[in-house]
Amino acid sequence: MKRLSLLIAALSLASLLPQALHAQKAPISGVWQQVFMERDAQGKPGLRVVPVWKVLGPDGRFTVFAAVTEDGYGVITNEGTYTLTSDTTYTEKIERTNVDSTLVGVDNHITYHYFTPNLVGISYRLPEADANTHEVWRRVTFRMPGPRPRHGHGPRDGQRPPRPGNVRP
C-alpha cells in the first residue's frame, strides 16, 4: 500500500514535468502551504492542501505551524534559522520544536526544486532515517484588499457593510 501511494505521488509529480522545465527561479523566502498530489475521480491530478504552513523570512528565520482543530486551534511545530547554500539547497537549524526534541540544534540539509515559481518540491533526510522525506509546498500569495465590485451586492461608498446575524455593536 505504501509503495502504491509513493508510485501515485511520483506519477503525479511527473505530470508536472513540462511545467517544471519552464519554471522560473523564485526566491525561496515567503509563506508556503504544504500540499500533496492526488487524482480526482476522473484520474486528473490535482493539489490538496494540508493545514501546515512554513514561513521562510528574508531575515533567515523560519517558522512552521499547523492548524490542529476545526475551531482554529493551531500550534507552532518548528522554529529556527535557515541559510541558503546554493540555488537548490538550504540548511535549517531547528531552535525549538514540538515534534521531536532530538532535532534541536541539528542541521537539516534540504534540497529544493521548482515545478512552477509558486510550487516547490523539497527533500531531506532526518537523523537516523533510512530514506529521504519528500514534500510539496505551494507559495501563499497575498493581496491588499481593494474596492469590492459593485455588481448590485455589497455596501455603496460611505455605507457600512451589513453585520452578520446575531452580532451586536
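**Entry 1: the ends of the chain**

I started with residues 1-25, where pLDDT stays under 50. The model has 22 contacts beyond four places in sequence for this stretch. This is a predicted model, and I am leaving that stretch alone because coordinates should not be read in detail where pLDDT is low. I then looked up residues 161-169, and pLDDT stays under 50 there too. For that segment I get 2 contacts beyond four places in sequence.

For the whole chain, I noted an average pLDDT of 79. I also wrote down that 72% of the residues score at least 70.

**Entry 2: salt bridges**

How many salt bridges does a search of the whole structure find? It comes back with 5. I went through some of them.

I opened R48 and E38, whose side chains meet in a salt bridge at 2.5 Å, N to O. R48 sits in strand β2 (residues 45-56) and E38 in strand β1 (residues 30-39), so I have a link between distant parts of the chain, 10 residues apart. On accessibility, R48 comes out at 47% relative, so I logged R48 as partly exposed. E38 has a relative accessible area of 29%, which makes E38 partly exposed as well.

Next I pulled up K54 and E92, a salt bridge with the closest N and O atoms 2.7 Å apart. K54 is in strand β2 and E92 in strand β5 (residues 89-97), and the pair links distant parts of the chain, 38 residues apart. Are K54 and E92 buried or exposed? Both of them are buried.

Then I checked E79 with R96, where the closest N and O atoms of the salt bridge are 2.9 Å apart. E79 lies in strand β4 (residues 74-84) and R96 in strand β5, so this pair ties together parts 17 residues apart in sequence. I wanted the burial of each partner too. E79 has a relative accessible area of 17%, so I put E79 down as buried. R96 reaches 54% relative accessibility and therefore goes down as exposed.

**Entry 3: R139**

I found R139 in strand β8 (residues 133-139). What I flagged is that R139 is buried yet has no salt bridge. Which side chain of opposite charge is nearest to R139? It is D87, and D87 is 13 Å away. I then looked for what the R139 side chain does reach, and I got the backbone oxygen of S29 at 3.0 Å.

**Entry 4: the β7-β8 loop**

I moved to the loop between β7 (119-124) and β8, where P127 lies. P127 counts as partly exposed because its relative accessibility is 45%. I skipped its neighbours within four places in sequence and found P127 in contact with L103 and V106. I also took the C-alpha to C-alpha distance from P127 to N108, which is 8.5 Å for two residues 19 apart in sequence.

E128 lies in this loop between β7 and β8 as well. Its backbone caught my eye: E128 has a positive phi of about 65° although it is not a glycine. I jotted down the background here, which is that most residues other than glycine have a negative phi. With a relative accessible area of 83%, E128 is exposed.

**Entry 5: tyrosine rings**

Last, I went after the aromatics. I count 4 aromatic pairs in the structure. For Y82 and Y90 I got ring centres 5.8 Å apart and planes at 75°, so I filed the pair as edge-to-face. Y82 is buried, and Y90 is buried too.

Y90 turned up again with Y112. Their ring centres are 5.8 Å apart and their planes lie at 55°, so the pair is tilted. Why a tilted label here? Planes under 30 degrees apart would be stacked and over 60 edge-to-face, so the rest are tilted. Y90 is in strand β5 and Y112 in strand β6 (residues 107-116), so this pair ties together parts 22 residues apart in sequence. Y90 and Y112 are both buried.

Which residues form one aromatic cluster? I have Y82, Y90, Y112 and Y114 in it.

Terms used
Residues numbered from 1 in each chain as written. Predicted model: local features only at pLDDT ≥ 70, side-chain atom pairs only at ≥ 80, totals over all residues. Heavy atoms only, no water. Helix = DSSP H or I, 4+ residues; strand = E, 2+ residues; numbered from the N terminus. Buried < 20%, exposed > 50% of the residue type's maximum accessible area, 1.4 Å probe, protein only. Lys, Arg positive; Asp, Glu negative; His and termini not counted. Salt bridge = Lys/Arg side-chain N within 4 Å of Asp/Glu carboxyl O. Polar contact = N/O pair within 3.5 Å; in protein donor to acceptor, adjacent residues only side chain to side chain. Contact = heavy atoms within 4.5 Å. pLDDT = per-residue confidence, 0-100. Phe/Tyr/Trp six-rings, centres within 6.5 Å; stacked < 30°, edge-to-face > 60°.
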